[in-house]
Amino acid sequence: LVINDVEISWKEAASWSLMFGLPFAPVFIPLWAYLRFRFSKITIVSKEKELNEAITLKGSNNEEQIQFVWSEFVMAKAQSNYVDIFLSLKTGENKKHVLRSTLGALVEQLPKAMQVHRSYLVNTEFITKLNGNTRKGSAELEAISLEIPVSPKHFTALKNHIQIRP
């Protein structure tokens, strides 16, 4: 019931939409598409400073912690309640540490790292190549000979970041 107790049927509502809504579609659909394209993307912001500051990751256990420099961090891989942390030291040596923690806790401790998959957190500076497409993508890392899966949600942002980084 809208005005004066007059009922409106679905047929009349559809007719009204076609007569008054359809002429405005060329105006609103491009605007909607632009806003969706512009604001629904995941973007990666490069932070050049703070590369040589010491980072301390703390695990769930009391005395468990790892200290390193951001430029040494390559990736973190979650496995249940444990996280494997891969570091590439300046000597060319690769190290793997295991922390009792969750990937979500590491995301808070490493804000510059990017989560490219539900189980992987990477330093984008170590990515040498992006394989596949949005549907089934993977990334190759410079220091570790592993292919890291990249979720469709993050593939486009990672591809754009790799293309524009120095």
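**Exercise 1. Describe the link between E4 and E5, and state how the two strands pair.**

Solution. Begin with the connection: strands E4 and E5 form a hairpin with 5 residues between them, and glycine 92 in the turn has a positive phi of about 95°. Strands here are DSSP runs of type E with at least two residues, helices are runs of H or I with at least four, and both are numbered from the N terminus. Next take the pairing, for which DSSP must find at least two bridges between two strands: E4 (residues 82-88) and E5 (residues 94-100) are antiparallel and share 7 bridges. Within this pair, histidine 97 of E5 stands opposite isoleucine 85.

The model is predicted, so local features need pLDDT of at least 70 and side-chain atom pairs count only at pLDDT 80 or more, while totals for chains, interfaces and linings use all residues. Residues are numbered from 1 along each chain as its sequence is written, and side-chain values use heavy atoms, with hydrogens and water left out.

**Exercise 2. Decide whether serine 88 is buried or exposed, and list what it touches.**

Solution. First locate the residue, which is found in strand E4. Then apply the classes of relative accessible area: buried is under 20%, exposed is over 50%, and partly exposed lies in between, with a 1.4 Å probe and protein chains only. Serine 88 has 15% relative accessibility and therefore counts as buried. Finally, leaving aside residues up to four places away in sequence, serine 88 is in contact with Glu72, Val74, Glu93, Asn94, Phe126 and Ala143, where contact means heavy atoms within 4.5 Å.

**Exercise 3. Work out how the side chains of E10 are arranged and how E10 joins E9.**

Solution. Along E10 (residues 147-150) the side chains alternate, with Ile148 and Val150 buried on one face, whereas Glu147 and Pro149 point to the other and are not buried. E10 runs antiparallel to E9 (residues 137-141), to which 4 bridges join it. One bridge partnership links serine 138 with proline 149 in E10, and the two strands form a hairpin with 5 residues between them.

**Exercise 4. Characterise the overall fold and its extent.**

Solution. Start from the inventory of 4 helices and 10 strands, which follow the order α-α-β-β-β-β-β-α-β-β-β-β-β-α along the sequence. The radius of gyration, taken over C-alpha atoms, is 24 Å, well over the 15 Å that the globule rule (2.2 Å times the number of residues to the power 0.38) gives for 166 residues, so the protein is more spread out than a compact globule. Along the principal axes, the C-alpha atoms fill a box of roughly 80 × 40 × 30 Å. Buried residues make up 31% of the 166 residues.
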